[in-house]
Amino acid sequence: MKSSGFFGPIAGSLGLLILVTVIAPLIGSTHIELRRAFAHVSPDFEIFFYARLPRVVLALIAGGALSMTGVLFQCMLRDPLAEPYTLGVSSGASVGAVLGICFGMRAIGVVSLAGAALVLLIVLGVAVEGRRLSSFTLMLTGVTMNSMAFAIIMFLHNLAGFSQSFAISRWLMGGLDAVEYSTLGWLAAVVVPVCVAVTVRAREWNLLSVGEDWAESRGVSVTTLTTFGYIAGSILTGLVTALTGPIAFVGLIVPHALRLRFGADHRVLMPCSLLVGGAFLAMCDTLSRTVMAPTEIPVGVLTALAGGPFFFWLLRSRRSSLGL
């Protein structure tokens, strides 16, 4: 790929991210002015810096992480319908969060991360056979863990009291809230290096997307690469889910839209997915908090409403390649 063809899509995606970052915090039920916010004039200052900007930045990081994981899992499993929640880690995080809600724990995010880590270890323990990690076995194990986690969540939901049941339902919808800047700092400090580490191996992902035998014949250690990809994707998904709850379809919509526009070269697809995924979720969240203001729609509901029709279109258009 020529350098102009390589950097053009990335530059365009970065431009979109910057545009959304500037505009999204200014949109809301209360009109504010950027000049007044930077001049520390109330209430513009508080609304911009403590209510809207942290939420937009969280959406940028979360959307980028989910989109990147979607690209990664679609490549690893060679399944166009794979997304960040395919391999079970998000379900583990959800079980941890539901347990935390049921037992009245305050650190829901910590318990959620513990659930994600436990599922990560279980899936790797089951899927690894000797020194080989089969992507097919990995997918089956992840699907099984998803089913088991869903059953546990329904059981706990049935035992929960009214207020706990409402909190569980609200968390499972997926949503974004303003968080402390320190939280955004450590989240970015993990997400960005992991995404860079994944993107650096784009050439190997290109080979793996063709097939395991093809990649191995060109010197790629498939087991090492697949294990690395699963752990990296699990870290991204687990961290985001612990803070936002499960937000579906971002990892499906954005990668496929970009794949149709720019092609399947992961040297372009991965960085563009990171940038556009963040912009996409920030735009969805802006709609979720303004379209029915003062009532908010959980952003996970909005992305599911957008992603459902896209999923059906993808399933129909790829029916022959999926053998359906």
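The following legends describe close-up views of a predicted model of one protein chain.

**Figure 1. Confidence along the predicted chain.** The mean pLDDT of the protein chain is 87, and 94% of the residues reach a score of at least 70. Among the elements of the chain, helix H8 (residues 181-200) has the highest mean pLDDT, 95, and helix H15 (residues 319-322) has the lowest, 50. Where pLDDT is low, the predicted coordinates should not be read in detail.

**Figure 2. A nonpolar surface patch with its largest share from helix H1.** Leu14, Leu16, Ile18, Leu19, Val22, Ile23, Ile27 and Met283 together form a nonpolar patch of about 640 Å² on the surface. Helix H1 (residues 3-23) contributes six residues to this patch. Isoleucine 27 belongs to the loop between H1 and helix H2 (34-38). The relative accessible area of isoleucine 27 is 35%, so this residue is classed as partly exposed.

**Figure 3. The largest pocket and its lining.** The largest pocket encloses about 400 Å³ of space. Its lining comprises 13 residues, of which Tyr85, Ser90, Ser91, Asn146 and Pro246 are the closest to the pocket centre. Helix H4 (89-102) and helix H6 (135-159) each provide at least two lining residues. The greatest contribution to the lining is that of H6, with five residues.

**Figure 4. The largest cavity and a salt-bridge network.** One cavity of 30 Å³ or more is found in a search of the whole structure. The largest cavity holds about 30 Å³ of space. Rolling a probe the size of a water molecule over the atoms shows where empty space is left. The cavity is lined by Arg55, Arg170, Gly175, Leu176, Asp285, Ser288, Glu296, Ile297, Pro298 and Val299.

**Figure 5. Salt bridges in the model.** Side chains of opposite charge can pair when their charged atoms come close. Seven salt bridges are found in the whole structure. In one of them, arginine 36 pairs with aspartate 44, and their closest N and O atoms are 3.3 Å apart. Arginine 36 is partly exposed because its relative accessible area is 28%, whereas aspartate 44, at 4% relative accessibility, is buried. Arginine 201 forms a salt bridge with glutamate 204, with a separation of 3.0 Å between the closest N and O atoms. With 21% relative accessibility, arginine 201 is partly exposed. A further salt bridge links aspartate 265 to arginine 267, the closest N and O atoms lying 2.7 Å apart. Aspartate 265 has a relative accessible area of 15% and is therefore buried; arginine 267, with a relative accessible area of 35%, is partly exposed. Elsewhere, Arg55, Asp285 and Glu296 are joined into one network by salt bridges that share partners. These three residues are also among those lining the largest cavity.

**Figure 6. Backbone geometry in three loops.** Most residues other than glycine have a negative phi, and most peptide bonds are trans. The peptide bond from serine 42 to proline 43 is cis, with omega near 0°. Proline 43 is located in the loop between H2 and helix H3 (44-77). Arginine 78, a residue other than glycine, has a positive phi near 50°. This arginine occupies the loop between H3 and H4, and arginine 78 is partly exposed because its relative accessibility is 31%. A positive phi of about 75° is also found at phenylalanine 249, which is not a glycine. The loop between H11 and helix H12 (250-262) contains phenylalanine 249. The relative accessible area of phenylalanine 249 is 17%, so this residue is buried.

**Figure 7. Two helix residues and their separation from other parts of the chain.** Leucine 121 is part of helix H5 (residues 108-127). Its relative accessibility of 60% places leucine 121 in the exposed class. Leucine 121 and isoleucine 253 are 132 residues apart along the chain, and 28 Å separates their C-alpha atoms. Glycine 233 is situated in helix H11 (residues 222-244). Glycine 233 is buried because its relative accessible area is 0%. Between glycine 233 and phenylalanine 48, which are 185 residues apart along the chain, the C-alpha separation is 32 Å.

Definitions and conventions. Residues numbered from 1 in each chain as written. Predicted model: local features only at pLDDT ≥ 70, side-chain atom pairs only at ≥ 80, totals over all residues. Heavy atoms only, no water. Patch = residues over 30% accessible without salt bridge, like charges linked within 9 Å, V, L, I, M, F, W, Y side chains within 5 Å. Areas by Shrake-Rupley, 256 points an atom, 1.4 Å probe, with all protein chains shown as cover. Salt bridge = Lys/Arg side-chain N within 4 Å of Asp/Glu carboxyl O. Helix = DSSP H or I, 4+ residues; strand = E, 2+ residues; numbered from the N terminus. Buried < 20%, exposed > 50% of the residue type's maximum accessible area, 1.4 Å probe, protein only. pLDDT = per-residue confidence, 0-100. 1 Å grid on protein atoms, 1.4 Å probe; cavity = no way out; pocket = protein on both sides within 12 Å on 5 of 7 lines; lining within 4 Å. Points joined across faces, edges and corners; volume = space filled by probe spheres on them.
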